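Reader: I'd like a close look at one part of this model, a buried spot and the framework around it. Please take me through it step by step, with the cut-offs behind each term.

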Amino acid sequence: MLTRACSSARRLYLSSSRLSFSMSTNQNPAINKADRTNLIPFSSRLKEGRALAQDVWSIFNAANLPSDCINLGQGYMNFAPPKWVTDAAEEALKTIAPNHYSHPRGRIRLREAIKTFYGPQFNKDLDVESEILVTSGANEGQYSVFTAFLEQGDEVIMFEPFFDQYLPSVTFNGGKPVYVPLHPPTDVTDKPTSNDWTIDIDELRRAITPRTKMIIVNTPHNPVGKVFSRKELEDIAALAEEFNLLVMSDEVYDCLVFDNKEHVRIANLPGMWERTITVGSAGKAFAATGWRVGWLIGPASIIQPTLAATTRIVFCTNSPLQEAAAAGLEQAKQRNFFETQLAEYAERRAILTDAFDKLGLKYIMPHGSYFVLLDISKVQFPEDYPFPSSVLGRGRDFRAGWFIAMEVGVSSIPVSEFYCEEHANIGEAYARFAFCKDVDTLKRAAERLQDLRHYIK
């Protein structure tokens, strides 16, 4: 079933009546003079994009969980970026120019580094003036693309489960989300992998209407870890060409592709460069998610309008950390950095999956990114367990995740959060565990997770 809008999305907008639209009160201040808490009505786009809902990140926040709970929910690292990258940041802070505004396109050193590092991967001599744009994190780059290209009511197709920031970024810019689910493996699959989550290309075709403007492709995928196959991307590309659609290819985990899987860039497929914008991230590449440095690579026809948008949204990106990101890309090859980092992440992944194997629980072996989906459908908890109101009324995975965090001491993220309401039941069987943590932390989490055996039916 395809969902055509987010009007029914969770309806978890803050329940307090004082946050509702008080149009009559605003038009006649004489009414209820004592209540001045909400004089000016907020924009409806905040409701449509779930921006006012209590999101999963605030529910499964360290402040709400036991102080010794190990956080494998949120996808941030608990280890430092490479020293040679942070040294470059320190050096930039000691010089004058990087402490001031950068050009909205990004500092030339970083654009040159992106050109040198990524140009061969796109089989192009990238133009640093028109085909590369540095942004304040990948998320802001995506937001700027939506601002530059969406008209009110334009439809944007996103595959479920989807990175949760897509939804408000689309709706804030007048877009209308259209959801096409990835189909999870069947119960008969003994050792499922992320590539067992499949696209029904006919279902995707049926989702396209005259108002469709864009398709978002996320490979490697968060939260599934799926690395889209060449055939899948070719099928998506054919539809994009047939219906003249813009493709946003979110490839922020491109440096984390395991098991010798091929990371195919959809922009490299025949006819796709002219209609594809590729998103990258220094935060994911160099374990520096707080730096908020990302980039877009694409044709001038997409980059230039996006530049106009990002200039008005943030003007420019953090200057000294652009210098550090440039140093990272400049030295990555000679230091064999990404190959070494991939091996380290593979070790981390194995610690987590070995723990799940010992429990006898099914999980989705990810071929990309740093998340594992654990099948929690067999985890049992008392129906009268003292759950907080924030998880009651949500999917079963919210209650299971809370129970695991409280009783086992390891937090995760319920996967139904990454779905629209109509498809949330698909995600309720899974919890997302992040392995972007140091080995010692993961080993401690693996030990704790063995206590789950007491709650498996």
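**F371 and the sheet**

Author: F371 is buried, with a relative accessible area of 2%; buried means under 20% relative accessible area, exposed over 50% and partly exposed in between, using a 1.4 Å probe and protein chains only. Before going on, note that this is a predicted model, in which local features need pLDDT of at least 70 and side-chain atom pairs count only at pLDDT 80 or more, while totals for chains, interfaces and linings use all residues. Residues are numbered from 1 along each chain as its sequence is written, and side-chain values use heavy atoms, with hydrogens and water left out.

F371 sits in strand β10 (residues 371-375). Strands (E, at least two residues) and helices (H or I, at least four) are DSSP runs, numbered from the N terminus. Leaving out neighbours within four places in sequence, F371 is in contact with G75, N222, P223, Y253, P366, R432, F433, A434 and F435, where contact means heavy atoms within 4.5 Å. The C-alpha atoms of F371 and I215 are separated by 23 Å, with these positions 156 residues apart along the chain.

I215 is a handy way into the sheet, since I215 stands opposite V247 in β6. That sheet is open, with seven strands in the order β2-β8-β7-β6-β5-β3-β4 and mixed pairing; two strands pair if DSSP finds at least two bridges between them. Its edge strands, each pairing on one side only, are β2 (132-135) and β4 (176-181). On average, neighbouring strands of the sheet are turned by 25° against each other, direction ignored.

Let's go through some of the pairings. β5 (residues 212-218) and β6 (246-250) are parallel over five bridges. The chain gets from β5 to β6 through helix α9 (residues 230-243), a right-handed β-α-β crossover: with the strands pointing away from the viewer, the path from the first strand over the helix to the second runs clockwise. On to β7, then: β6 is joined to β7 by four bridges, and these strands run parallel, with S249 opposite T278. Five of the five residues of β6 are buried, so this strand is largely enclosed by the rest of the structure. From β6, L246, M248 and D250 point one way and V247 and S249 the other, and all are buried.

Toward the β4 edge, β3 (residues 155-160) pairs with β5 in the parallel sense over four bridges, and V156 has M214 as its bridge partner in β5. β3 also pairs with β4, again parallel, over six bridges; here E155 is matched with K176. Helix α7 (residues 166-172) completes a right-handed β-α-β unit with β3 and β4. β4 is an edge strand, yet five of its six residues are buried, so β4 is largely enclosed by the rest of the structure.

β3 also holds a hub of the nonpolar interior. The largest nonpolar core has 141 residues, and those with the most contacts inside it are F159 and I236. Such a core is a set of buried Ala, Val, Leu, Ile, Met, Phe, Trp, Tyr and Cys residues joined through side-chain atoms within 4.5 Å. Not counting residues up to four places away in sequence, F159 touches ten residues' worth of company that includes V180, I215, V217, F228 and I236. In soluble globular proteins, nonpolar side chains tend to be buried together.

Finally, the helices. Helix α6 (residues 137-149) lies across β2, β5, β6, β7 and β8, running at about 175° to β6; axes are lines fitted to C-alpha atoms, for helices over the stretch in contact, and angles run from 0 to 180 degrees between N-to-C directions. α6 also packs on helix α11 (residues 300-313) at about 105°, with axes 8 Å apart. That makes α6 roughly perpendicular to α11; angles of 65 to 115 degrees count as roughly perpendicular, under 35 as roughly parallel, over 145 as roughly antiparallel and the rest as oblique. Among the residues making this contact are Y143 and F149 of α6 and I302 and P305 of α11.
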